[in-house]
Amino acid sequence: MSNGHTDPPGEFKNFKIAVLDGGILLAGFDYSGKPVNVLNVESMSEWQKVVRYAEQSPTVKAVVLVSVKEGNFCAGADLEQMHEAQKQRSFQEMEQLVITAHTLFDEIERSLKPFVAAVEGACLGGGLELALACHARIASTHPRTCFGLPEVKLGILPGFGGTQRLPRLIGLPAALDMITTGRTVFPRQGLRMGLVEGMVTSIPSSIRTLENIQKETFVQAAIAQARALCSAPIRRPPLRASLRFFSSPVIRTLVCRYARHQVIKRVRHFYPAPLCAIDAVGRGMGLSVLEGSLTVEKPRLLDLMASQISSHLVGLFLAGEKVKRNVASVPAAVTRIGVLGAGLMGSQIAGQLTEKGYEVVLRDVSSDILANAIGRIHKAQTTQVRKKVILPSDLRYRMMRVSPTTHVKDINLASLVIEAVSEKLDVKRAVLAEFESEAHTDAIFATNTSSYTLADIAARAVHPERCVGLHFFNPVAKMQLVEVVRAPFTSDRALAQASGLAKRLGKFPLVVNDGPGFLVNRILSRYLVEAVIMVGEGISFQRIDTVAKNFGMAVDSGHPMGPLELLDLIGLPVALHVLTSLAVLGSRIESRDALLRQLLPENSPPVTFWKSEKENPEALNAVAYYHRANPSETGPISDDILRQRLFLPMVDEAVRCLHDKIVEHSWEVDFALTYGTGFPAFRGGLLNWARQTMTKGQVAQELESLAAKYGKRFDPCPGLSQGGW
Ligand code: NAD
């Protein structure tokens, strides 16, 4: 760099460095060959050289660490490297990396020269641990700036000193919350909790050179902070009085016990990582950071890293990255989006769109429905203001971007239109015909249908190539999976625009081929149908749901849920509709209409299985009535058989989906089921679970014996014993 800069010796592959006036070493992290900065043996040893150079150079007075990549400060440890170690069962290199990180971060922390992290973009895992080792952190308000220690979601714990430094910085309760949930914190929240020392509004430079980045406001603020720290001896600020309260060993024990209780309530004993992390935090508080990191945190990290659960979770994480990478990178051509139908799904989709900055035209048939939808969107966004994620002014802008209308012609400027109208084929086709006459000739039509095929809906379309499926799951804000449905007539452009939009909404856009129920609902239907059949046999709601919850269903959402609770959430009318339309796949998907209709009285709301967390007496009466009319003799049945009856048909259907080329790879099934149905992530996905617990031949045999006892719906498909899954 020119003008007043002294060039430090050597070139680095993953860092760009320059010494600025006043002896500020600006270090720009720019991991070569990846879109994000990662910490692995290579980048860490380079960072070590930078740190040592700064320490030894008489010219350098302070260091400011920035990222050259826009929207990513540092994503943490290199998970591909870690997964490779897990697959090879060889952890020496990982252990060496951990030791290097601990000694290096300790060196930074103890350095007499101040280190300031200027954070813009995601600062996660090891990235946050690196920032925590610095003497101050300044955050930019870039929309992608966030902080988090998501390691427990990968079955491990923060292993670069995070369990030791975070509680010392923000106090025990807040640190335990962040560490055990892996939740993300945004700059405003970070400032309030003392995680960052400053927050600065800044516009990222479009040409990402160190010289340009240096001029950004938040980097200037970090440089000023570094200069200020140079003029006074570095001391960690004392813990605030409210936080010091938690330093007492007795209080610490109580807080850790409470945190354990919260974890077990949320994820039971399925996941050891959050409990190990609490242990590491609690035990480390009485030691120095380095001692705690090396003697308490490191051994627990290595044990967890070697576990099957962590290997499954890291595998699923990398599958998600692959799903996102597979999306063709298209320019953000879509800025204005039409949403047809402002019901349960339409209003949530519109809320997500405005949150990400899109202009939304929301169309429904009456102003009352629209007013209710706007109320729901406003309520969801207000929660974010309350949680200090956004400012009241952000809320106003978000609401201003949604234009409710009853006139279909108002979608004429939208480049993509999402259809979320009532699940009736004639209504969907009518809406598509309206789209074709009113929308721009280039616009894309994306249907959110859950039970019709894209081919059914587009059967009368003049331009079917513009039609694609964009199947969001409920609740839209929480469910990360979106099935992007491709029919043979769907154009590559329509597919790319729909996938690109889902990706920009922060979802995983999994491309699936058209077919009844697509991938997720088709497999899920076997599970739901079997639960309804069990109800018809007189098995208690409690027992059915407990078997599924003990297996881990929906535990990752923090609300374990069995199939009957799930049916209540979906709503019986929708569920019955989906199950009835999937009957085209064959008699194995029996919707048990007669039983479900008992729970759908005319002119009154559907009866749910559960009411106020108890078996609903109305549902029990309806089932008893059905039972009298349809007596069935199944005899005593074990929980093991109930579990097999719920999950093995899903495996059978998944293999059929692979055979029908709904998706090509079994990892796609595993990924979709985990993120779309609540199949427990710690089992590594449906097919992975089946492969690991029995041989392929055994799955087919178990299904054959179920078929002999309970009916032909369990007949295994030929592909099950043949492999290829
Ligand atoms: P909903 O009944 O809550 O909303 C449908 C809305 O469409 C209603 O407000 C209705 O007034 C409106 N509508 C009807 N005809 C219209 C027209 N011609 N133009 C504009 N609006 C019209 O239904 P929902 O649960 O939001 O489902 C919508 C779609 O999403 C369905 O295709 C459904 O299968 C799918 N889906 C639902 C879920 C779920 O959990 N409910 C999940 C995934 C997908």
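Which residue has an N or O atom in its side chain 3.0 Å from an oxygen atom of the ligand? In this model, which is a predicted one, that residue is Asn 448. I would like to begin with the ligand, then move to the pocket and the cavity, and finish with a few local details of the chain.

Asn 448 has company around the ligand, since a polar side-chain atom of Glu 423 lies 2.4 Å from an oxygen atom of the ligand, and a backbone N or O atom of Val 421 lies 3.5 Å from a ligand oxygen atom. As for how much of the ligand is covered, the ligand taken alone exposes 830 Å², and the protein buries 81% of that. The shell around the ligand is made up of 21 residues, and the closest of these are Met 345, Asp 364, Glu 423, Lys 428 and Ser 450, so named here that you can find them on the screen. Sorted by class, that shell has nine nonpolar, eight polar and four charged residues. Three elements, namely α15 (344-355), α18 (425-438) and β16 (467-472), each supply at least two residues of the shell, and the largest share, three residues, comes from α18.

Let me turn now to the spaces found in the protein. The second largest pocket has a volume of about 410 Å³, and of the 21 residues that line this pocket, His 83, Ser 311, Gly 315, Leu 316 and Asn 688 are the closest to its centre. Helices α2 (79-88), α14 (308-325), α28 (666-677) and α29 (686-693) are the elements that give two or more residues to the lining, with α14 providing the largest share, eight residues. The class count for the lining of this pocket is five nonpolar, 11 polar and five charged residues.

How many cavities of 30 Å³ or more does a search of the whole structure find? The search finds one, and about 50 Å³ of space lies in the largest cavity. Its lining consists of Arg 526, Val 529, Glu 530, Arg 588, Pro 649, Arg 713 and Phe 714, which by class gives three nonpolar, no polar and four charged residues. Helix α21, residues 520-536, gives the most to this lining, with three residues.

Next come the aromatic side chains, for which a search of the whole structure finds 19 aromatic pairs. One of them is formed by Phe 551 and Phe 679, which meet edge-to-face, at 5.6 Å centre to centre and with 65 degrees between the planes. Because Phe 551 lies in helix α22 (residues 541-551) and Phe 679 in the loop between α28 and α29, this pair ties together parts that are 128 residues apart in sequence.

Finally, there are two points about the backbone. Most residues other than glycine have a negative phi, and most peptide bonds are trans. Against that background, the peptide bond from Asn 474 to Pro 475 is cis, with omega near -5 degrees, and Pro 475 lies in the loop between β16 and β17 (481-486). Lys 388, for its part, has a phi near 65 degrees, a positive value in a residue other than glycine, and Lys 388 is found in the loop between α16 (367-386) and α17 (392-400).

Notes. Residues numbered from 1 in each chain as written. Predicted model: local features only at pLDDT ≥ 70, side-chain atom pairs only at ≥ 80, totals over all residues. Heavy atoms only, no water. 1 Å grid on protein atoms, 1.4 Å probe; cavity = no way out; pocket = protein on both sides within 12 Å on 5 of 7 lines; lining within 4 Å. Points joined across faces, edges and corners; volume = space filled by probe spheres on them. Helix = DSSP H or I, 4+ residues; strand = E, 2+ residues; numbered from the N terminus. Nonpolar A, V, L, I, M, F, W, Y, C, P; charged D, E, K, R; others polar. Near = heavy atom within 4 Å. Polar contact = N/O pair within 3.5 Å; in protein donor to acceptor, adjacent residues only side chain to side chain. Areas by Shrake-Rupley, 256 points an atom, 1.4 Å probe, with all protein chains shown as cover. Phe/Tyr/Trp six-rings, centres within 6.5 Å; stacked < 30°, edge-to-face > 60°.
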